[in-house]
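Student: Could you take me through one part of this model closely, and then show me what else is worth a look around it? I'd like a connected walk rather than a list.

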Amino acid sequence: MVSLVRVFKVALFFILSLGFTACFEKLPMSTAHVVTEWGHEINHVYLITTVITCLIFVAVAVPFCYALWKFREKPGDTRIPVQVRGNHKLEILWTLIPVVLLIFIFLPSLEIIMKRGAEPPAGTFTIEVIGHQWWWEFRYPDLGIVTANELYVPEKTPILLKLKSADVIHAFWIPRWGGKMDMLPGVTNLLTYTTPAVEDPIRGDYYQGHCTELCGLSHARMRYEAIVLPKERFDQWAKTAMNPPLVASALEKKGQELFMTKTCFTCHAIAGTTAKGQIGPDLTNFGNRRMLASGTLHNDTKGFHNWLRDSVDSKPDYQNVKPGSLMVFAENFVLTDEDIKALQAYLQHSTAKTF
Amino acid sequence: MSNHSAPNTGLWGWITTVDHKKIAILYALSSLFFFFLGGVEAMIMRTQLIIPNNDFVTARTFNSMVTMHGTTMIFLVVMPLSSAFFNFLIPIMIGARDVAFPRLNALSFWIFFFGGILLNAGYFINEVPRQGWFGYANLTDRQYTPDLSVDFWAMGLQVVGLASLIASINFFVTIMNMRCKGMTLLKMPMFVWTSLVTQVLLFLALPVITVALVMITFDRHFGTGFFNPGAGGSVILWQHLFWVFGHPEVYILILPAMGIVSEILPTFSKKPLFGYSVMVYSSCAIGFLGFAVWAHHMFTTGLGPWATTFFTAATMLIAVPTGVKIFNWISTVWGGRIHFNTASLFGLSFVAMFTFGGLSGIMHSSAPIDTQHQDTYFVVAHFHYVLYGGAVMGLFGGVFYWFPKVTGRFLHEGMGKVQFWLFMIGFNVTFFPMHFLGVQGMPRRNYTYAADQGWDLWNLVATLGAYTTAIGGLLFFYNLFYSIKRGALAPADPWDGRTLEWTIPSPPPEYNFGIEPVVKNLDDFWHQKYDEQGQRLSLPAKASYDPHSIHLPNPSYWPICLAAGLTLGAAGFFIKGFGLYVSLLGVAIVLISSYGWAYEEA
């Protein structure tokens, strides 16, 4: 018996510590490592709720397991138990206790709901977020900036996100900043944050976001990153963000020509050039982006090559990298590996801004 | 008229049967077939997610699996398997010889069966529904899903829903009008009570999804634009309609299993259900509140603070009657003499797993917490604990418990216990780690995930758990085939039962009761067998009767014809080219069948 209890204790400890580690490991999209006030408020209610539900769990599991052990049928047992039909006092008790416990979850929830429901003050720094199948458009109306898949924000600043969709329903979620909000076609939802303080003032802090509403084939490939910068760094970024590309080498020049003559420009825009397409992501800042195809590939030589090769060579809807992507080409469209190298030089280097 | 030449057990007998017990078996077998299908779909998903960036299946196939697994398990497995229990048990438990409308009952089954096929027919032309079981507008619009996949889904569900609607009215009338002498409402077995509440939920909730599916079909084929924001429609309208149906649906799935467990636990602990009347009231309360919580599926759509508050409060409130049930089940086994076999193990595991799922449900009843949980694996874990650990485990308990009554043979206990443990272990290994994945931000319905997210380990563990369950499932199917032919013979009352079904032979004769029973107590059969001190009483000798004097409805082929016509009519609606003719043919068959039906001698 003693050894059984011991095994049970060890197992329990093992499972609990495993669960604890699993939940609190600092992963890119961990809801346990929040950095905003809203995130902390949610986790505060979550903690209260977890404690209460664990208490209820124990209150159910202990008598249940005890009963299963104590009242199990033993060999040769033929007794007929007393036919107890109920006990109103007990039943009233276990109706009322949960009600009281639930109030302790409800009240702090209510507080957050009401706080989040308040109108943001006029003049809050506003960014429009537009969901597309399957990428993110970020527009800064006050700064005249349009970019994609990377959301730059200044630290410790109240921001207002106006969430919209260009096609189907998407959902905006940066787990470490707090809850999610749907992006509905035909509706503008508002989401406010006070952005967190920066830990890495040079690179800025990267936070990962992900679409959380099934939005078609490549829903799983709809990631983005929010980058928090110190205020002065953010201002520098804003000043340079829409600068035209600096074409330095001959290869870059060839790339630019390809961009403006092949079909690229019909869908993509690059500020300060003749490319003004509105269907695909704006590529003015492409050179600064860490990731490619909204978080699908790394924006390096290999990623760039894979992305273009796959998009050109695959049939629409049957791409390997991003199935269903609208970056499709005519059947007889030719793009050599040399062309890709030139385009890469142009897009990764000429469009990179120093700030 | 009385028709007691040897019961026709050939194929024709099954096709034309109007006997509620045979229809129950048809429901059970078809839902188990779909259970296999839904299980395969689940295994494909888990295999795809075993490692990051896997290419076991394409995104398109994965999205189809997500959609079809959910749709199949809900509409083609849990609902019809519950329906199998309604069919077999409701008439017998209330001491009736059949349901109120036997041919309508056959019609329900055949409509369900053909509807299930229509729902899956996309597989034959590789246009499998892939917009999610909840079919959120406007992804279902023709602009975003131009092929027929959404039509298979919408029309398939429409047909399947019609089957449930017809059946719900049938069972409601049966319970209300056909109870035997002395069977007052508060002497009905608990399973009949939860069934009654389920029927009410069904016929109040199903019309809403019917309307919603009509609207989406009109949007797709006539350009009505109900859900098209570009034409002044609203995508949120679909969500309200869907969840006004969809949340009561959750209780439609769980209430029958709650009823089954409320029969199993008393029998195997040899005690009456603790707090019967409170259990009845809590079932009604759950049914009532179930209509007031739908928007908790929509906490992230921007409902506004007051609606969010209301739905948070209502959702928390529904935990109260549910909690009462759990404590009452524990009190039922408390002080009893608990006999452990496969049926009782499944029944007891329902209580444990359902409690666990209920507790994680309390967590995201709070709207702020839900904004972090919504559409992550935390929610996947939660509802699988409720619907799989809960509903499915409860239903399996019912299968092991009533199999001897239905077939006259026991399911093999040894295989049953192995299956139970494979299910329990596999289930928990699959779904418990999904809580971790949810807390770590893994979104649902993703056909793959990047390697830099740190989600690899628990996905691997979950997949291994799923494989364990699959072995258990295969073992069950083997057990079924084995036991139907070679299982040990079962007596009329193998478990020392408490309700009327154990008073009649296993399997029951076509007319159920030779002499219509008269009931004096709740758990009447128990009181016939034992006195208040638990002393065994001798059962009175059975009075003799003449089976030939019992009127039973005639078999009929009109139900299957009508159902086939109806399904053809629905399918023709979206078949390209000659669809109109298919529809017209379907309508003609429906009209002819209705005529034949109306003038047929019942």
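Tutor: Happily! In this predicted model, chain A has an open sheet of 5 strands, in the order β3-β2-β1-β5-β8, with mixed pairing. The edges are held by β3 (145-148) and β8 (189-194) of chain A; each has a single partner strand, so one side of each is left without a neighbour in the sheet. Direction ignored, neighbouring strands are turned by 25 degrees against each other on average. For a closer view of one edge, follow strand β5 (residues 158-165) of chain A, which pairs with β8(A) in the antiparallel sense over 6 bridges. There you can find A:Lys162, whose bridge partner in β8(A) is A:Leu190. As background, strands of a sheet pair through backbone hydrogen bonds, either parallel or antiparallel.

Chain A also holds an open sheet of 3 strands, ordered β4-β10-β9, and its pairing is mixed. Here β4 (150-154) and β9 (205-210) of chain A are the edge strands, and as each has a single partner strand, one side of each is therefore left without a neighbour in the sheet. From one strand to the next, the twist averages 25 degrees. The pairing of β9(A) with strand β10 (residues 223-229) of chain A is antiparallel and covers 6 bridges. Within it, A:Asp205 stands opposite A:Val228 of β10(A). Helix α4 (residues 231-241) of chain A lies across β4 and β10 of chain A, and runs at about 130 degrees to β4(A).

From the sheets, let's move to where the two chains meet. Chain A brings 73 residues to the contact and chain B brings 76 residues. On the side of chain A that touches chain B, the elements giving two or more residues are α1 (2-24), α2 (37-70), α3 (88-117) and β7 (181-183) of chain A. Of these, α3(A) gives the most, with 14 residues. Sorted by class, this side of chain A has 43 nonpolar, 18 polar and 12 charged residues.

Next, the packing. The largest nonpolar core has 254 residues, and B:Val78 and B:Ile111 have the most contacts inside it. The element giving the most to this core is helix α3 (residues 59-93) of chain B, with 21 residues. Leaving out residues up to four places away in sequence, B:Val78 touches B:Met73, B:Leu253, B:Leu387, B:Ala391, B:Val392 and B:Leu395. There is also a second, separate core of 20 residues, which includes A:Leu283, A:Phe304, A:Leu308 and A:Ile340.

Some helices of chain B round off the picture. Helix α4 (residues 102-120) of chain B is mostly covered, with 16 of its 19 residues buried. Its first and last C-alpha atoms are 28 Å apart, close to the 27 Å expected at 1.5 Å a residue. Helix α13 (residues 413-439) of chain B has 27 residues, which should span 39 Å at 1.5 Å a residue, and its end C-alpha atoms are indeed 39 Å apart. After α13(B) comes B:Gly441, with a positive phi near 85 degrees.

Finally, look at B:Ala314 in helix α9 (residues 305-333) of chain B. B:Ala314 counts as partly exposed because it has 18 C-beta neighbours inside 10 Å. Not counting residues up to four places away in sequence, B:Ala314 touches B:Leu289, B:Ala292 and B:Val293. B:Glu249 is 65 residues apart from B:Ala314 along the chain, and their C-alpha atoms are separated by 17 Å.

Note on methods
Residues are numbered from 1 along each chain as its sequence is written. Chains are lettered from A and ligands numbered from 1 in the order in which they are written. This is a predicted model: local features need pLDDT of at least 70, side-chain atom pairs count only at pLDDT 80 or more; totals for chains, interfaces and linings use all residues. Two strands pair if DSSP finds at least two bridges between them. Helices (H or I, at least four residues) and strands (E, at least two) are DSSP runs, numbered from the N terminus. Axes are lines fitted to C-alpha atoms, for helices over the stretch in contact, and angles run from 0 to 180 degrees between N-to-C directions. Two residues are in contact if their C-beta atoms, placed from the backbone, lie within 7 Å. Ala, Val, Leu, Ile, Met, Phe, Trp, Tyr, Cys and Pro count as nonpolar, Asp, Glu, Lys and Arg as charged, and the others, Gly among them, as polar. A nonpolar core is a set of buried Ala, Val, Leu, Ile, Met, Phe, Trp, Tyr and Cys residues joined through C-beta atoms within 7 Å. A residue is buried if 20 or more other C-beta atoms lie within 10 Å of its own, exposed if 12 or fewer, and partly exposed in between; C-beta atoms are placed from the backbone. The expected span of a helix is 1.5 Å times one less than its number of residues.
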